[in-house]
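Colleague: I would like to look closely at a single part of this model, together with whatever surrounds it. Could you take me through it slowly, explaining each term as it comes up?

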Amino acid sequence: MAAPHFPLDAEKAALRRHAFAARLGCDPALGAAMAAHVLAAAAPPEGAVVAGFWPMGAEIDPRPLMQALAERGHALVLPVTPPRGQPLRFRRWQPGEPLAPGPMGTSQPAAGEWLDPDWLLVPLLAFDRRGGRLGYGGGYYDRTLAGLPNSTAIGIAFSTQEVPEVPTGPLDQRLPMIATESGLIVTGA
């Protein structure tokens with residue numbers, strides 16, 4: 001990664017280092033507790049197309065929630081990472097279907113119908129109670145959420161990933177809800 005050129009970039013880079021360390025030692029299996037909170041307090045409406053993601057490294061595991069939503073009849077999609085500078089695209093996927101390696105260590109459907117999600121589970125490195133989200137730095141989810149203004153986005157993370165304030169710029173998309181193993185946070189964003 002190139003050295004940051006602007007103060008905001010430097011702040012985000014420092015927070016990313018902190019955030020990676022904060023989630024080390026967290027049990028990805030806490031995704032089941034996160035899933036229970038989402039299903040109890042913010043389940044998607046019937047018929048909504050839901051975008052999940054395949055977890056990488058020490059991320060909280062969204063698969064228990066995706067499995068429960070599939071069992072409730074929701075169509076699931078997973079992101080396909082495009083060239084840098086573009087928004088994500090989503091392919092239909094069902095639990096058990098094979099995945100192909102994608103860029104930057106991602107796993108994505110190799111085939112399937114392209115669909116726009118109505119409801120998205122959004123991975124993150126850090127979050128705050130105002131809906132600020134720090135991602136991995138590629139801007140994929142910010143561009144994607146900007147292009148899906150009528151969709152509902154819920155960040156998912158471990159509670160240890162909460163920080164007092166995420167540095168944000170004009171292109172950073174805030175999240176209206178964050179789900180952790182400890183509960184659902186409504187941010188008002």
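Modeller: Let us begin with one pair of residues, in which Val80 stands opposite Arg89 in strand 3. Please keep in mind that this is a predicted model, in which local features need pLDDT of at least 70 and side-chain atom pairs count only at pLDDT 80 or more, while totals for chains, interfaces and linings use all residues. Residues are numbered from 1 along each chain as its sequence is written, and side-chain values use heavy atoms, with hydrogens and water left out.

Strand 2 and strand 3 run antiparallel and are joined by five bridges, whereas strand 1 and strand 2 pair in the parallel sense over two bridges. Strands here are DSSP runs of E with at least two residues, helices are runs of H or I with at least four, and both are numbered from the N terminus; two strands pair if DSSP finds at least two bridges between them. On the parallel side, Ala51 has Val77 of strand 2 as its bridge partner. Five of the five residues of strand 2 are buried, so this strand is largely enclosed by the rest of the structure. Buried means under 20% relative accessible area, exposed means over 50%, and partly exposed lies in between, with a 1.4 Å probe and protein chains only.

The wider setting is an open sheet of seven strands in the order 3-2-1-6-9-10-11, with mixed pairing. Its edge strands are strand 3 and strand 11 (183-186), each of which pairs on one side only.

Now we can add the helix that belongs with these strands. Strand 1, helix 3 and strand 2 make a right-handed β-α-β unit, where right-handed means that, with the strands pointing away from the viewer, the path from the first strand over the helix to the second runs clockwise. Within helix 3 (residues 63-71), the buried residues are Leu65, Met66, Ala68 and Leu69. Seen down the axis of helix 3, these buried residues fall within an arc of 160°, so they line one face of the helix; the arc is taken from the directions that lead from the helix axis to the C-beta atoms. Among the elements that cover them are helix 2 (31-41), strand 1 (50-51), strand 2 (76-80), strand 3 (89-93) and strand 6 (119-123). Helix 3 is followed by Gly73, which has a positive phi near 95°.

How do the two helices lie relative to one another? The axes of helix 2 and helix 3 come within 7 Å and cross at roughly 45°. That makes helix 2 oblique to helix 3, since angles under 35 degrees count as roughly parallel, over 145 as roughly antiparallel, 65 to 115 as roughly perpendicular, and the rest as oblique. Axes are lines fitted to C-alpha atoms, for helices over the stretch in contact, and angles run from 0 to 180 degrees between N-to-C directions. Where these helices meet, Gly31, Ala32, Met34, Ala35, Val38 and Leu39 in helix 2 face Pro64, Leu65, Ala68 and Leu69 in helix 3, contact being defined as heavy atoms within 4.5 Å.

Finally, both helices can be placed against the strands. Helix 2 lies across strand 6, strand 9, strand 10 and strand 11, and runs at about 135° to strand 10. Helix 3 packs on the sheet by touching strand 1, strand 2, strand 3 and strand 6, and its direction makes about 140° with that of strand 2.
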